[in-house]
Amino acid sequence: MNLTKGQKIDITKGRSLSKLQLHFGWSTPVSGMSVDAACFLLSASGRCERDEDFIFYGNAAGLHDAVTHQTLNGPDREAIRIELAGVPERIAKIAFTVTIHEGDQHGYSMQDMSQLYVRLLDGDGGEELFRYDLGPDLTKETAIVAGELYRHQGEWKFSAVGSGFYGGLAALCTSFGLEIEEDAEPEVAAAAELVKPPVLSAIDLRKKTVQVTLEKKQMTGVMARVGLVLDISGSMRTLYKNGTVQEVVERILTVACQFDDNATLDIWIYDNEFSRLPSATESDFEGYVQKHVMTNQRIHKFGYNNEPPVMLDVIRKYTVEESSPLPVFIVFINDGGVVKPIKKVITEAAVQPIFWQFVGIGHADFEVLRKLDEMEGRVVDNANFIHIEDIARVSDEALYGMLLNEFPVWLKEAAKQRIIRP
């Protein structure tokens, strides 16, 4: 199917597609005319928020290889390959561009090119899905946004943009919120030697918030292993699809980065079954939920609640498989329906170096969890419950303050009882 300028088409809707390839082709009048394809990974505001989100020949991979650039030999000159599951929710749009290297200096422009096109292919089978031929309305421009891949109602769509820019790569970078040194040599500009004031990533900012919280609670220097247990019963479906759970992973990973010398977050997921997932780290948390949960066919999803089996697996990991003198801080996310037998598990686990921080989200009554502090027969109070109706709207400062409110109390009591080392 050939696209026309301005046309928008569905890419993933009604189609089983996990990988996408965009192949670029063109012809030039002289061998010395250098043309490059690239893409900008954009936020919902249309900005390229991080330098590394500009993918081109000098930065050929991004998002942990979910988006890659490749030079080809043939009519298709260059390619951008995308693993859709690996693109995090923070990326709302991907803009695909073609630029002429030093076009202004050498007097080259888009009207000097011919047979400029982009082909969209199924990344698995290589079948051509759509083709967009550009060029007839281009004149003195030295850069072009060929098209955009964007999210729409949970699916991916493509827009045939065909919008030209004067000023080459520098103009594109400025358009997408990146900056280039004003006095940079043309070669530097073409290679996108981007310079702008250091911008802290979301996880770096959250580290600072956690550190402030730890200082307030006199917990600086505390070492602990951190685990996250995620409810994936049927009522959680929307929160998985809209990115809320992915955000929870990042927010709790930040705690692990401050507590755990390996900066690793252990993760479990459960409904009436459970799975122990790969641990998350700062280098691979983006797209974690999509990759390890939503597209993982081995994960049982959206059933009913049954907490004891996953809790016993948590205990087994930290006390049998990976015994350590370090205490364990478990954040347990649930949106209601907790079964009463968890009381027996928590009571028997009171002699173990594990603190259970339950977080109730949504509007359930959480009858069982609200009575945790009333449980008798424990050496120490090893569990706490907080209720947050809309966790996506709670600030990091407030969330970390609530999460870490009772943990320091348990640390002192557990040390007195020699459950953990003082």
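A disulfide is a pair of cysteine sulfur atoms within 2.5 Å. The exercises below concern a predicted model, and each is followed by a worked solution.

**Exercise 1. Cysteines**

Work out how many disulfides the rule gives, and find out why the sulfur of Cys 48 is in no bond with that of Cys 173.

Solution. Begin with Cys 39, whose nearest cysteine sulfur, that of Cys 48, is 8.9 Å away, and which is in no disulfide. Next take Cys 48 itself: the closest cysteine sulfur to its own is in Cys 173, at 8.1 Å, and this is too far for a bond because the cut-off is 2.5 Å. For the whole model, the count by this rule comes to zero disulfides. As a last step, look at the surroundings of two of these residues: Cys 39 has 0% relative accessibility and counts as buried, and Cys 48, at 1%, counts as buried too.

**Exercise 2. The chain as a whole**

Describe the protein chain by its helices and strands, its box and its buried share.

Solution. Start with the elements, which are twelve helices and 19 strands. Then turn to the extent of the chain, whose C-alpha atoms fill a box of roughly 85 × 45 × 35 Å when it is taken along the principal axes. Of the 422 residues in the chain, 53% count as buried. Finally, consider the contacts with a separation of 6 or more: residues 24 or more positions apart account for 73% of them.

**Exercise 3. The sheet of six strands**

Give the order of the strands in the open sheet of six strands, and explain why one side of β2 and of β5 is left without a neighbour.

Solution. Reading across the sheet, the order is β2-β13-β12-β9-β4-β5, and the pairing is antiparallel. The strands at the edges are β2 (8–10) and β5 (54–55), and each has a single partner strand, so one side of each is left without a neighbour in the sheet. Now look inside the sheet, where β12 (residues 143–152) and β13 (residues 155–165) pair in the antiparallel sense over nine bridges. One of the positions to find on screen is Leu 149, whose bridge partner in β13 is Phe 158.

**Exercise 4. The sheet of seven strands**

Find the edge strands of the open sheet of seven strands, and then follow the pairings of β8 with β3 and β7.

Solution. The order in this sheet is β1-β11-β10-β3-β8-β7-β6, with mixed pairing. Its edge strands are β1 (2–3) and β6 (61–62), each of which pairs on one side only. Moving inward, β3 (residues 19–27) pairs with β8 (residues 76–83) in the antiparallel sense over seven bridges, and within this pair Lys 19 stands opposite Glu 83. Strand β8 also pairs with β7 (residues 67–71), again in the antiparallel sense, over five bridges. Here Gln 70 has Ala 79 as its bridge partner, while Thr 71 stands opposite Glu 78. To complete the picture, follow the chain from β7 to β8: the two form a hairpin with four residues between them, and Gly 74 in the turn has a positive phi of about 150°.

**Exercise 5. Three helices and the cores**

Compare the buried residues of α2, α11 and α6, and then locate the nonpolar cores.

Solution. In α2 (residues 168–175), the buried residues are Gly 168, Leu 169, Ala 171, Leu 172 and Cys 173, and just after this helix Gly 177 takes a positive phi of about 90°. In α11 (residues 396–403), the buried residues are Asp 396, Leu 399, Tyr 400 and Leu 403. Seen down the axis of α11, they fall within an arc of 90°, so they line one face of the helix. Helix α6 (residues 244–259) has 16 residues and reaches 23 Å from its first C-alpha to its last, close to the expected 22 Å. Of its 16 residues 14 are buried, so α6 is largely enclosed by the rest of the structure.

The next step leads to the largest nonpolar core, which has 54 residues, and in which Leu 228, Leu 230, Tyr 240 and Phe 259 touch the most other members. The largest share of this core, nine residues, comes from α6. A second, separate core of 42 residues includes Trp 26, Met 33, Ala 66 and Ala 160.

Methods:
Residues numbered from 1 in each chain as written. Predicted model: local features only at pLDDT ≥ 70, side-chain atom pairs only at ≥ 80, totals over all residues. Heavy atoms only, no water. Pairing = 2+ DSSP bridges. Buried < 20%, exposed > 50% of the residue type's maximum accessible area, 1.4 Å probe, protein only. Expected span 1.5 Å × (residues − 1). Core = buried A, V, L, I, M, F, W, Y, C linked by side-chain atoms within 4.5 Å. Arc of directions from axis to C-beta. Contact = heavy atoms within 4.5 Å.
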